Amino acid sequence: MEDTMINMALPKGRLGEKVCRILGLEEGWDADAGRKLVFEFPSVGIRFFWVKPSDVPIYVERGVADVGVAGKDILEEYSPDVYELSDLEIGRCRMAVATKTDFCDDPSKTLRVATKFSHVARRYYEAQGRTIDIIKLNGSIELAPILGLSDVIVDIVETGATLRENGLEARETIFPISARLIANKASYRFKRENIERLAKRLSDAKQEAKK
Ligand code: PRP
């Protein structure tokens, strides 16, 4: 039998929960949201799964999820072969270069850049013709300049509190970030009507929130 349900990969955490609320699905998962990873809503034709935010594009690109919600940061870093259908205008923050407040750059020297976003950082500095040494970390990036592991970091800044509390400051914005609805290319052909309906529900909710 043809599966008419839309399989949706949602980023585990605040952003995914917000999307659930927007879609009015919060009741179904609240009770045992702790461990369960797959939730079905036959009445609205959605089955969603919680995945690590950076894994959302992998599920969508490979088609086990028809659609997903991913931050622009993740899409810029992994360049998945998917359709970016819409900007959900939530989860706003920015990709920035930050340093210790007293850092003084010497452009003739190799810049040591600590980041989770190595492709983003490489592209950014390549465009400037700057020689860099990428130090790939997986979290707590702000520690790197404090301990002298790097000169700068390329990381997400939302409120700026983490930088401030660690004696760092944002020096350059690389690009603004918000959550995007993405779709698998084949799914978009075969389940187009259902996917467009879902996209419309999300965009209606966005308009409603602006009023
Ligand atoms: C992100 C980012 C910063 C923090 C910025 O980390 O890496 O550490 O948020 O937010 P702020 O400007 O509001 O302080 P996240 O919480 O996603 O966890 P991570 O350490 O796994 O990157």
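Tutor: Helices (H or I, at least four residues) and strands (E, at least two) are DSSP runs, numbered from the N terminus. By that convention, Ser-140 lies in the loop between strand 8 (132–136) and helix 6 (143–147). The model is predicted, and local features need pLDDT of at least 70, side-chain atom pairs count only at pLDDT 80 or more, and totals for chains, interfaces and linings use all residues. Residues are numbered from 1 along each chain as its sequence is written, and side-chain values use heavy atoms, with hydrogens and water left out.

Student: What sign does phi have at Ser-140, and is Ser-140 buried or exposed?

Tutor: Although Ser-140 is not a glycine, its phi is positive, at about 45 degrees. With a relative accessible area of 54%, Ser-140 is exposed (over 50%; buried means under 20%, and partly exposed lies in between, with a 1.4 Å probe and protein chains only).

Student: Where does Ser-79 lie, and what is its phi?

Tutor: Ser-79 belongs to the loop that runs between helix 4 and strand 5 (83–87). Its phi is positive, about 40 degrees, and Ser-79 is likewise not a glycine.

Student: How is the length of helix 9 to be checked?

Tutor: The expected span is 1.5 Å times one less than the number of residues. Helix 9 covers residues 192–210, 19 residues in total, and should therefore span 27 Å; its end C-alpha atoms lie 27 Å apart, in agreement.

Student: Which residues of helix 9 are buried, and where do they fall around its axis?

Tutor: The buried residues of helix 9 are Ile-195, Leu-198, Ala-199, Leu-202 and Lys-206. Viewed down the axis of helix 9, they fall within an arc of 95 degrees (taken from the directions from the axis to the C-beta atoms), so they line one face of the helix. On the face turned away from that buried side, helix 9 carries the exposed residues Glu-193 and Lys-200.

Student: How many residues make up the largest nonpolar core, and which have the most contacts inside it?

Tutor: In soluble globular proteins, nonpolar side chains tend to be buried together. Here the largest nonpolar core (buried Ala, Val, Leu, Ile, Met, Phe, Trp, Tyr and Cys residues joined through side-chain atoms within 4.5 Å) has 24 residues, and Met-8 and Phe-48 have the most contacts inside it. Two or more residues of this core come from each of strand 1 (6–11), helix 1, strand 2 (38–41), strand 3 (46–51), strand 4, strand 11 (179–183) and helix 9. Helix 9 gives the most to this core, with four residues.
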